[in-house]
Amino acid sequence: MRESSAASPAAPEEVTLRPLNENDLDAVVALDARSTGLSRRPYFERRRASALRVPGQHLQLAAIRGDTLVGWVLARIAGGEFGRPATVVVLEALGVEPAAQRSGIARRILRRLEELAVARQASAIVTQVDWRNQSMLRFLDASGFTLAKRHVLARGVGRMDERHDDDLEHGQIVIRALRATDRDALVRIDAENTGTPRPHYFDRKLDEALHESAIAVSLVGESDGFPVAFAMARVDLGDFGRLGSVASLDTIGVSPRFALHGYGAALLRQMVDNLAALRVDSLETEVARDAFGLLGFLYRAGFDPSPRMAFERRLTTR
């Protein structure tokens, strides 16, 4: 994700766009390594495996000149993560051969991604960028992206303070790993908070949490053997240009009947402890800027503003 936003000539006629396929993996890994200085093969292998398992949720494109891959993009269909209700396309990773940059290839890839997103009835393309990645910031600006009304928060993976404000009954809380059989309970807890059952969202998130994350870290909180709270996260290397091992907290929920009883704090504490043991660097999440209750809870749990910023490009669906 390093193309400059400087005015670019029209893309060469010989460059064509097509869906990414399994035969492109080596070329994508090599091109990315030339740009970043680091091989991220496991990340790309997991994203391709996910696209093969659930192709309807992924938009992955290759830019080809002759027989050579000179650019690529990985994106996925999402909606519901971080409290975002609408269907969006998440721009996960974008790369262009260093020698072919500033030739309009990234702009062509993005235009095609927009067409596919509109066809899927997505309301926006969203992504995150480190504020120090000036070339990508200029590219997004030139491509019509704006700052999203959302905060990206992060905390280092170190022990949480046991004296968390909401942790009133920590000794009575049982925390365990997420199971596939928790699906109905998660849908119920979420609906109690949002007013709308989202079974399809949780089908997708359970699949991601149990099959796509490099490390299983999603958790459930129980009371008398029944799930009453949950936190769903993924650990990966590569999304949004990350070069470190980062866990992304997608969804956290507590049944209103058990609010202010310490379940949210206990879930985060156990998650952070697990991540520290697995040598994961940090835990990140994204929150709407007007979600004051959730923001306050996360700040008390040790989260701070991340160097990453959230961007979006609104789309007009047909």
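In the predicted model, strand 7 and strand 12 (residues 282-288) pair in the antiparallel sense, and 7 bridges join them. One of these pairings places R150 of strand 7 opposite A288, its bridge partner in strand 12. Strand 7 also pairs with strand 13 (residues 304-305), again in the antiparallel sense, over 2 bridges. Here L153 stands opposite P305 of strand 13. Strand 7, which spans residues 150-156, is mostly covered, since 5 of its 7 residues are buried.

A further set of strands was examined for its order and its edges. An open sheet is formed by 7 strands in the order 1-2-3-4-5-14-6, and the pairing within this sheet is mixed. Its edge strands are strand 1 (15-19) and strand 6 (146-147), each of which pairs on one side only. Strand 1 is joined to strand 2 (residues 58-65) in the antiparallel sense over 5 bridges. Within this pair, V15 has R65 in strand 2 as its bridge partner.

Two helices pack on this open sheet. Helix 1, formed by residues 25-36, touches strand 3 (68-78) and strand 4, and its direction makes about 95° with that of strand 3. Helix 2, formed by residues 41-53, touches strand 2, strand 3 and strand 4; the angle between its direction and that of strand 2 is about 115°.

Helix 4 (residues 134-142) contains several buried positions, namely S135, M136, L137, F139 and L140. The cover over the buried residues of helix 4 includes strand 4 (88-96), helix 3 (105-119), strand 5 (124-130) and strand 14 (308-314). Of these elements, strand 4, strand 5 and strand 14 appear in the order of the open sheet. In general, residues three or four places apart in an α-helix point the same way, because the helix has 3.6 residues a turn. Helix 4 is followed by G144, a residue whose phi is positive, near 90°.

A buried residue was also found in a loop. V217 lies in the loop between helix 6 (199-212) and strand 9 (219-223). Its relative accessible area is 2%; V217 is therefore classed as buried, as this value falls under the 20% cut-off. When residues up to four places away in sequence are not counted, V217 touches A233, V235, M271, L275 and L278. In addition, the C-alpha atom of V217 is separated by 7.1 Å from that of A177, although the two residues are 40 residues apart along the chain.

Key: Residues are numbered from 1 along each chain as its sequence is written. This is a predicted model: local features need pLDDT of at least 70, side-chain atom pairs count only at pLDDT 80 or more; totals for chains, interfaces and linings use all residues. Side-chain values use heavy atoms; hydrogens and water are left out. Buried means under 20% relative accessible area, exposed over 50%, partly exposed in between (1.4 Å probe, protein chains only). Helices (H or I, at least four residues) and strands (E, at least two) are DSSP runs, numbered from the N terminus. Contact means heavy atoms within 4.5 Å. Two strands pair if DSSP finds at least two bridges between them. Axes are lines fitted to C-alpha atoms, for helices over the stretch in contact, and angles run from 0 to 180 degrees between N-to-C directions.
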